[in-house]
Amino acid sequence: MTESAKIKRLGMLTSGGDAPGMNAAIRAVVLSAHHYHIEVIGFHHGFNGLIVDDNIKQAKALLFSDVNHIIHLGGTILKSARCPLMLEESGLLKAGKTLKDHAIDALVVIGGDGSFHGLLALQKYWSGKVIGIPGTIDNDLDGTDYTIGFATAVNTGIEAVDKIRDTADAFERIFIVELMGRHSGHITFNVGIACAAEQVLSFENFPVTNKKAQLEKLAEDITLAQQQHCGSYIIVIAENLWQGGAIELARALNQYKNINCTACTLGHIQRGGSPVAKDRILATKMGVAAVQALLINEHNVMVGELNNMMKFIPLVESVKHHKLVSKQLIDAQENILALTAQHQW
Ligand code: F6P
């Protein structure tokens with residue numbers, strides 16, 4: 001009997017902020033598991049599905065019919081949740097008990113770093129195998145070049161900022177657009193570069209250390225662009241960077257520098273929508289790899305893709321640091337900014 005034959009029943013849940021492509025990953029896990037004669041039980045509403053009685057009742061075997069024709073759907077058919085109960089011993093004990101009661105041999109969790117912290121904590125209370133699949137629009141997990149959902153979120157951001165550019169151009173207005181990412185600037189940088197934003201403000205290049213001086217510099221840049229008749233001016237800013245976000249920055253520029261800006265917070269629109277090709281394909285590869293990991297007795301790992309190769313990264317490593325925005329991207333933005341600022345319009 002091989003190691004793989006020991007896995008008879010796999011549990012699966014989606015947790016934390018949903019991300020486009022989670023359904024594609026669910027589908028891939030179910031189809032691949034069935035191929036290897038492994039049953040899959042879907043738990044609903046994140047880790048609550050293992051802890052809250054009403055949610056535990058929703059656990060059910062996932063069949064081909066459940067995952068047929070879901071690859072193109074945003075959100076998650078398993079529903080998601082943030083689960084503070086996973087921070088409490090009573091919650092972890094209950095989660096371990098539910099997994100035992102359902103005779104689960106391995107648990108696959110599709111989510112971000114908070115979800116993986118939950119998985120790591122669970123290991124003290126349950127002896128089954130755990131696998132993480134990185135599903136978050138934030139792209140902040142170490143050990144994978146991209147997380148499921150990031151590409152779609154960036155595309156959504158691009159479409160939105162392009163539209164804002166149209167109206168900004170028409171009125172020659174200054175816009176401050178706030179993008180998601182929790183504490184990382186992957187979405188902000190990628191959208192900013194792809195939309196030729198005049199300013200990209202993120203944790204990596206604009207740590208808020210001296211608000212007064214930073215306002216001064218921003219006002220100077222904007223005024224220079226206006227003197228050169230640049231027309232519209234778009235600043236993209238990472239959420240949680242400036243206290244009060246885009247709205248507060250716009251207010252401060254107006255109050256202290258007499259510059260009128262329109263603030264726009266894109267918000268949860270970035271989490272929804274049909275996943276783009278890149279996310280569907282990445283999710284499918286990762287879902288299959290997660291099941292295959294169990295077959296070769298890999299566990300306590302996150303499935304990641306590095307340089308086009310599927311890898312299994314210890315879960316502990318994946319959450320140690322937030323993956324940083326690449327230096328090349330930051331350099332590219334700085335170079336372009338410097339060039340455009342020098343240009344005589
Ligand atoms: O982690 C995904 C994410 O969308 C972050 O970008 C954002 O900071 C957070 O979730 C928002 O969480 P919630 O939907 O719980 O407000």
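1. How far apart should the ends of helix α11, with its 19 residues, be at 1.5 Å a residue? This is a predicted model, and the comparison can be made on it directly. Helix α11 covers residues 277–295, and at that rise a helix of 19 residues should span 27 Å. The C-alpha atoms at the two ends are 27 Å apart, in agreement with the expected span.

2. Much can be said about the surroundings of α11. Its buried residues are Asp279, Leu282, Ala283, Met286, Gly287, Ala289, Ala290, Val291, Ala293, Leu294 and Leu295. When reading that list, keep the helical repeat in mind: an α-helix has 3.6 residues a turn, so residues three or four places apart point the same way. Just after the helix comes Asn297, which has a positive phi of about 65 degrees.

3. The next point is the sheet of 7 strands. It is open, its pairing is mixed, and the strand order is β3-β2-β1-β4-β5-β10-β11. At the edges stand β3 (60–61) and β11 (309–314), each of which pairs on one side only. Helix α11 packs on this sheet and touches β1, β4 (106–111), β5 (129–134), β10 (301–306) and β11. The direction of α11 makes about 165 degrees with that of β5.

4. One pairing in that sheet can be followed residue by residue. Strand β1 (residues 9–14) and strand β2 (residues 39–42) run parallel and are joined by 4 bridges. In this pair, Leu10 of β1 stands opposite Val40 in β2.

5. Now the nonpolar cores. The largest has 58 residues, and those touching the most other members are Met12, Ile26, Ile131, Ile133, Val177, Val191 and Ile234. Helix α11 gives this core its largest share, 9 residues. Another core, of 26 residues, lies apart from it and includes Phe43, Leu122, Tyr125 and Val319. To see one well-connected position, look at Ile26: leaving out residues up to four places away in sequence, Ile26 touches Met12, Thr14, Leu62, Val67, Thr76, Ile77, Leu78 and Ile110.

6. A second open sheet has 4 strands in the order β7-β8-β6-β9, with parallel pairing. Its edge strands are β7 (199–201) and β9 (261–265), and each pairs on one side only. From one strand to the next, the twist averages 20 degrees. Strands β7 and β8 (residues 233–238) run parallel and share 3 bridges, with Gln199 opposite Ile235 in β8.

7. Is strand β6 largely enclosed or open to the outside? It is largely enclosed by the rest of the structure, because 6 of its 6 residues are buried. In a regular strand the side chains alternate between the two faces of the sheet. In β6, Ile174, Ile176 and Glu178 lie on one side and Phe175, Val177 and Leu179 on the other, and all are buried. Strand β6 is joined to β8 by 6 bridges in the parallel sense, and the bridge partner of Phe175 in β8 is Ile234. Strand β6 also pairs with β9, again parallel, over 5 bridges; there Glu178 stands opposite Thr265.

8. Helix α9 has two sets of neighbours to check. On one hand, α9 lies across β6 (174–179), β7 and β8, running at about 155 degrees to β8. On the other, α9 (residues 211–227) packs with α10 (residues 245–257) at an angle of about 80 degrees, their axes 11 Å apart. Angles of 65 to 115 degrees count as roughly perpendicular, and α9 and α10 are therefore roughly perpendicular to each other. The contact brings Leu215, Glu216, Leu218, Ala219 and Ile222 of α9 to Leu249, Ala252, Leu253, Tyr256 and Lys257 of α10.

9. Two single residues complete the note. Phe203 lies in the loop between β7 and α9 and counts as partly exposed because its relative accessibility is 23%. Leaving out residues up to four places away in sequence, Phe203 touches Arg182, His183, Ser184, Gly185, Ala238, Glu239, Asn240 and Leu241. Glu334, in helix α13 (residues 327–342), is partly exposed as well, with a relative accessible area of 43%. Glu334 and Val200 are 134 residues apart in sequence, yet their C-alpha atoms are 9.1 Å apart in space.

Note on methods. Residues numbered from 1 in each chain as written. Predicted model: local features only at pLDDT ≥ 70, side-chain atom pairs only at ≥ 80, totals over all residues. Heavy atoms only, no water. Expected span 1.5 Å × (residues − 1). Buried < 20%, exposed > 50% of the residue type's maximum accessible area, 1.4 Å probe, protein only. Pairing = 2+ DSSP bridges. Contact = heavy atoms within 4.5 Å. Axes fitted to C-alpha atoms, helices over the stretch in contact; angles between N-to-C directions. Core = buried A, V, L, I, M, F, W, Y, C linked by side-chain atoms within 4.5 Å. Parallel < 35°, antiparallel > 145°, perpendicular 65-115°, else oblique.
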